[in-house]
Every structure is written in structure tokens, then in C-alpha cells.
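User: I am new to reading protein structures, and I would like to understand how the words used to describe them are justified. Could we go through this one step by step?

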Amino acid sequence: MAADNATYALSGKSFTAVAINTAAKAGEWIKSKLGDFNKLDLKYSPHDLVTEVDKGSESLIRRLVHTHFPHHSFLGEEGVEPGPAASARALAQMSGAEYLWIVDPVDGTTNFVHGFPFFSVSVALAYRGEVIVGVVYDPCRDELFVAEKGKGAYLKGKPMRVSGETRLLDSLVATGFPADRDYALPINMDGVRAIAPKVRNVRIAGSAALHMAYVAAGRLSGFWEIGLNAWDMAAGTLLIEEAGGRITDTAGRPYELAVRNVIATNGGIHDELQRELAQANATGF
Ligand code: IPD
Ligand code: CA
Ligand code: CA
């Protein structure tokens, strides 16, 4: 269902202002903890890391959201059991929610742990299953990417537009290496093998949310990954849509919150990227 203006604010509080405020506050705090965290744990696999900073960031965001909107539902990565099956279950349990905040408190934890300055905070608000606000904040560069459904996507107050490439040959694309090394990683490796020779180059920098924000900003022509969760993508999908790009699953079907295998592009290279992944058997379907 399309959201009208009344859905963007309750009792005068702007959803977007709260999303911006929570992402910025969490991001500043995360940055202050770079190189200074105490506890590193493994979650679902030896490649799936979590620190007390991920958990602290999520509770900060949750508290702020619930201060303003106590009756809204909240889906945050650290509140869900690790692994793809548990993530899908958690999202399904929230499917009836009217307003649902979808939050990745640190997207790019491996980078954070190693001091590699490419990670982000991702905060989205969905109204009856449709993302209506998306904010991705990169605290290392102090870049805040913001989108509101139907109102555009902005970076530092300026409207964002996707890039203009229409051929893979002219494109810079990104992907990720998922923590699920048994199922998702080998498929993504097949994708990289197929796509790398066809594009100008591939970047794999370690934050799906930030990669998607870069597609919206025209810095990347496209992004794909197998085995993502709703919190990695929700904010990024609205940024791209509002910046004039296109999001589908890797089979070319329209994006919805339950999608795990995603293609997110400037639109111009979408069908070609989808075709190449399908030909390489690298869609995850
Ligand atoms: C991960 C990052 C990474 C992607 C993984 C995600 P996390 O999120 O977005 O770029 O390749 O699939 O799980 O664990 O750092 O929040
Ligand atoms: Ca993530
Ligand atoms: Ca995370």
C-alpha cells in the first residue's frame, strides 16, 4: 500500500528526523570506539563477528526509537538469533507490523574490528511492509545518506542521482562475501568469477548498506549479493529507488523485505547484470 503524507509523522514527530538522529548518534559513538572495543565474539560462523559495540549501538537506537514511538515494532540484527533461518523467521514474525524499524547497528563489523574505515549504521522504517524512510550513516567520512519515500534521496542536503552507465563494460560494481561460507559464499564467488571480466572493475569493501548508498550516490553502477538480511538492505533499497535506480531479487522479481539475494543498480545495467548472474548459475535460486 502506498504511504501518504500522514504516515511520515505521528503527533508532529518526523520519522525521518528520528531516523537521522539515531543513526548519527550511534555512528558517532561507534567511531569513538574504533580500536577500543573489549569483547569479540563469533556468531553463526567463524566469519560472523560481533562486539559489544554492535550490541551497544543497537540498544542506543532501540531506546531512542521507542522514546519517540513506543508502539512501533523493531527488528535489529543483534536481537535475532544468528543464521539465515532465524533471520527469516524473525522477519516473518514481524510481517503484520504497521510500523517496523529495521536496523543494522554496525554494518561492516569485520571492518570495524580491523580498523578498516568502511562501515555504517543502517536505519529504515517500513509502513505495512514498504520502506518509507531509509538512512545510512558512514561515521568515518561523516556522510549521511537519507531517503523518504516519494521525496527523493539526499547526501549533505543535495539530491542524489544514480550513475548513467548502460553497459557492464563501463561499470564499477560491488558485491560482498557473506558470513555463510557453506551456501551463500560459493555462489557469490561464482558471481564474481562471471562478472569481473565483464565490468570495468569490482569492489568488495565489506558493508552492504554503504555499497548500496554508493549506488544511490552514483559512485557505483550496481551491487549484488547472495544471502543478505533485511537489515543489511532495507535503508539502501529506498536510497537507490529514490535516486532513480532499480532493486530486484537476483531472479529479477520486485524487492520486498524478505528478499535475501539482491541486485541493486542504476537501472541502466540491471538486466545485463541479472542475465550474466543467471547464466553463471549465481543467482542463489
Ligand atoms: C555484513 C556486511 C558485508 C556483507 C555480509 C553482511 P555485518 O554485515 O554487510 O558487506 O558481505 O553479507 O553480513 O555482519 O557486518 O553487519
Ligand atoms: Ca550487516
Ligand atoms: Ca551488523
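User: How are the donor residues of the calcium ion (ligand 3) spaced in sequence?

Analyst: This is a predicted model, and in it the donor residues of the calcium ion (ligand 3) follow the pattern E-x26-D-x1-V along the sequence. The residues behind that pattern are E77, D104 and V106, of which E77 gives an OE atom, D104 an OD atom and V106 an O atom.

User: What makes E77, D104 and V106 donors of the calcium ion (ligand 3)?

Analyst: For calcium, an N, O or S atom counts as a donor within 3.2 Å. The atoms of E77, D104 and V106 coordinate the ion at 2.1 to 2.4 Å, so they meet that cut-off. Since water is not among the atoms, the site may look incomplete.

User: Where in the chain do E77 and V106 lie?

Analyst: E77 and V106 link distant parts of the chain, for they are 29 residues apart: E77 is in the loop between strand 5 (73-76) and helix 3 (84-93), while V106 is in strand 6 (residues 99-107).

User: Why is E77 called buried?

Analyst: A residue is called buried if its relative accessible area is under 20%. E77 has a relative accessible area of 15%, so it counts as buried. V106, with a value of 2%, is therefore called buried as well.

User: Which residue bridges the calcium ion (ligand 2) and the calcium ion (ligand 3)?

Analyst: The bridging residue is D104, and the two ions that it bridges lie 3.7 Å apart. For the calcium ion (ligand 2), the protein donors are the OD atoms of D104, D107 and D232, at 2.1 to 2.2 Å, and their spacing along the chain is D-x2-D-x124-D. Here too distant parts of the chain are linked, with D104 in strand 6 and D232 in helix 7 (residues 230-242), 128 residues apart. Both D104 and D232 are buried.

User: How do you know that E225 makes a polar contact with ligand 1?

Analyst: A polar contact is a pair of N or O atoms within 3.5 Å. A polar side-chain atom of E225 lies 2.6 Å from an oxygen atom of ligand 1, so the pair qualifies. By that cut-off the side chain of D107 qualifies too, with a polar atom 2.8 Å from an oxygen atom of ligand 1, and so does that of E77, at 3.4 Å. Ligand 1 is surrounded by 15 residues, and the closest are D107, G108, T109, G206 and E225.

User: What makes the largest nonpolar core lie between the domains?

Analyst: This core has 46 residues, of which I102 and F145 touch the most other members. Domain 1 (2-159) and domain 2 (168-279) both give residues to it, so the core lies between them. In general, nonpolar side chains tend to be buried together in soluble globular proteins. Leaving aside residues up to four places away in sequence, the contacts of I102 include L75, V123, W231 and L257. Another core, of 30 residues, lies apart from the largest one and has A19, F74, V113 and I132 among its members.

User: How many residues does each domain bring to the contact between domain 1 and domain 2?

Analyst: The C-alpha centres of the two domains lie 19 Å apart, and the contact takes 45 residues from domain 1 and 30 residues from domain 2.

User: Why is R128 called partly exposed, and K156 exposed?

Analyst: The word exposed requires a relative accessible area over 50%, and partly exposed covers the range between that and the 20% limit for buried. R128 is at 44%, so it counts as partly exposed, whereas K156 is at 56% and is therefore exposed. R128 lies in the loop between strand 7 (120-127) and strand 8 (130-138), and its phi is positive, near 45°, although it is a residue other than glycine. K156, in the loop between strand 10 (152-155) and strand 11 (158-159), is not a glycine either and has a positive phi of about 50°.

User: Is L125 buried or exposed?

Analyst: L125, which is in strand 7, has a relative accessibility of 0%, which is under 20%, so it counts as buried. Its contacts, not counting residues up to four places away in sequence, include F15, H72, W101 and I132. L125 and A19 are 106 residues apart in sequence, but their C-alpha atoms are 8.0 Å apart in space.

Key: Residues are numbered from 1 along each chain as its sequence is written. Chains are lettered from A and ligands numbered from 1 in the order in which they are written. This is a predicted model: local features need pLDDT of at least 70, side-chain atom pairs count only at pLDDT 80 or more; totals for chains, interfaces and linings use all residues. Side-chain values use heavy atoms; hydrogens and water are left out. Donors are N, O and S atoms within 2.8 Å of the metal (3.2 Å for Na, K and Ca); water is not among the atoms, so sites may look incomplete. Helices (H or I, at least four residues) and strands (E, at least two) are DSSP runs, numbered from the N terminus. Buried means under 20% relative accessible area, exposed over 50%, partly exposed in between (1.4 Å probe, protein chains only). A nonpolar core is a set of buried Ala, Val, Leu, Ile, Met, Phe, Trp, Tyr and Cys residues joined through side-chain atoms within 4.5 Å. Domain bounds come from an automatic or database domain assignment. Contact means heavy atoms within 4.5 Å. A residue is near a molecule or strand if one of its heavy atoms lies within 4 Å of it. A polar contact is a pair of N or O atoms within 3.5 Å; within protein, one must be able to donate a hydrogen and the other to accept it, and residues adjacent in sequence count only if both atoms are side-chain atoms.
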